[in-house]
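Here is a friendly walk through one protein chain, helix by helix and strand by strand. Keep the sequence and the 3D view open as you read.

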Amino acid sequence: MKLGVFTPVFVNRSLDQVVAKLRSLSGISAIEFATGGWPGRDHVEVDALLASPHKLDDFGSQIRDAGLTISALSCHGNPVHPNRATAREHDEAFRKSVKLAEKLNVPVVVTFSGCPGDSDGAKCPNWITAPWPPEFLETLEWQWDKKVIPYWQEAGPFAADHGIKIALEPHPGFVVYNVETALRLREAAGKSVGVNFDPSHLFWQSIDPIAAVRVLEGAIFHVHAKDTQIYSANLPRTGVLDTKPYTQERERSWIFRTCGYGHGAEWWGELISTLRMFGYDYVLSIEHEDSLLSPEEGLTKAANFLNNIVIREQPTAAWWT
């Protein structure tokens, strides 16, 4: 298993600076590039790389010469957004990311499932989380049957034709937000559609991430290393569906944390072991979204913390086998 970093933590830094920073961090050998959608694409000139084999070779060489591999291209967006311009922009970012991943020999593209509105005339997405009043369920099934499943039934084979796996990140606000919805879409769209597993999004839904790994066996294509801290003192007032800004840490019921600040080494060791046990032996990509730590300190602490836990070597036959 490898340890990597997701590039939005390096906003306003050049690619040369990003590479230099990663080389200075012990144990980091992979990089996950943002290539569109909400994370932007600060470090990858997608159109230029697709158009120029020379630039593509130079880009790949820079990463390889630094001793790094690219774990995934990530274009977190909403390709079924009711605003057609937004949907078109995010769909285009996804398709360009798939084509670029193929050229770079990167096996995975990470994104969101998206969330439609409640009708063809809607202006904003409508994330439905309750079965009543009855129009909620009617709308939810319309979203799945008319928007989400048709899109991914076409997008899944598109990626597969380019040799790419799609890792949808379950995230509240989108139709795929937990294990059940991820597996539902995978069943409908095909085996080229799987999961970018981020435990931080499961913790605050009261989902045990380690148990979720077992249920998702074979469907996890990429993993984000990010933690969540629950503030039980605020839960009686807010519950887990807390819409206050992440920077209002004192008032929230939970916030995203750097690895180790929500759960300790024992928990992370068990997660990593369970991932390997159920077939995942690829990359843990650190994603910094901790509002209590600077990007520099958060990344460094996460790398140092995970470097002593990640399992890098394949097991050999023991004397008792």
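## Where α4 meets α5

Let's begin with a pair of helices: α4 passes α5 in a right-handed crossing. On the α4 side, the contact is made by Asp91, Phe94, Arg95, Val98 and Lys99. On the α5 side, Tyr151, Trp152, Glu154, Ala155, Phe158 and Ala159 take part. Sorted by character, the residues of this contact comprise 7 nonpolar, no polar and 4 charged.

Helix α4 covers residues 84–104, and its axis lies 10 Å from that of α5, at an angle of about 20°. Angles under 35 degrees count as roughly parallel, so α4 and α5 are roughly parallel to each other. Please bear in mind that this is a predicted model.

## The chain as a whole

Stepping back, the secondary structure of the chain comes to 11 helices and 10 strands. The radius of gyration is 20 Å, close to the 20 Å that the globule rule gives for 321 residues, so the chain is as compact as a globular protein of that length. Along the principal axes, the C-alpha atoms fill a box of roughly 55 × 50 × 50 Å.

## A barrel of parallel strands

How many strands close into the barrel, and in what order? There are 8 strands, in the order β1-β2-β3-β4-β5-β6-β7-β10, and their pairing is parallel. On average, neighbouring strands of this sheet are turned by 30° against each other, direction ignored. As background, strands of a sheet pair through backbone hydrogen bonds, either parallel or antiparallel.

For a detailed look, take strand β6 (residues 193–197) and strand β7 (residues 220–225), which pair in the parallel sense over 3 bridges. If you would like a spot to zoom in on, try Val195, whose bridge partner in β7 is Ile220.

## Helix α6 and its neighbours

Helix α6, made of residues 179–189, lies across three strands: β5 (165–168), β6 and β7. Relative to β6, helix α6 runs at about 155°.

Helix α6 also packs against α5, a helix of residues 134–161; the two axes come within 9 Å and cross at roughly 60°. Are α5 and α6 parallel or oblique to each other? At this angle they are oblique, and their crossing is right-handed. From α5, the contact uses Glu141, Trp144, Asp145, Val148, Ile149, Trp152, Gln153 and Pro157. These meet Thr181, Arg184, Leu185, Ala188 and Ala189 in α6. The residues of the contact divide into 8 nonpolar, 2 polar and 3 charged. Trp152 is worth a look here: this α5 residue is in the contact with α6 and also in the contact with α4.

## Helices α1 and α3

Another helix pair is α1 (residues 15–24) and α3 (residues 53–65), whose axes are 10 Å apart and meet at an angle of about 20°. That makes α1 roughly parallel to α3. The crossing of α1 and α3 is right-handed.

Which residues bring α1 and α3 together? Leu15, Asp16 and Val19 in α1 meet Phe59, Gln62 and Ile63 in α3. By character, this contact has 4 nonpolar residues, 1 polar and 1 charged.

## Two backbone details in the loops

Most residues other than glycine have a negative phi, and most peptide bonds are trans. Two places in this chain depart from those habits.

One is the peptide bond between Trp132 and Pro133, which is cis, with omega about 5°. You will find Pro133 in the loop between β4 (108–111) and α5. The other is Asn12, which has a positive phi of about 70° although it is not a glycine. Asn12 sits in the loop that runs between β1 (2–6) and α1.

How values were computed. Residues numbered from 1 in each chain as written. Predicted model: local features only at pLDDT ≥ 70, side-chain atom pairs only at ≥ 80, totals over all residues. Heavy atoms only, no water. Pairing = 2+ DSSP bridges. Helix = DSSP H or I, 4+ residues; strand = E, 2+ residues; numbered from the N terminus. Axes fitted to C-alpha atoms, helices over the stretch in contact; angles between N-to-C directions. Contact = heavy atoms within 4.5 Å. Parallel < 35°, antiparallel > 145°, perpendicular 65-115°, else oblique. Left-handed = near helix turned anticlockwise from the far one by under 90°. Nonpolar A, V, L, I, M, F, W, Y, C, P; charged D, E, K, R; others polar. Rg over C-alpha atoms; globule rule 2.2 N^0.38 Å.
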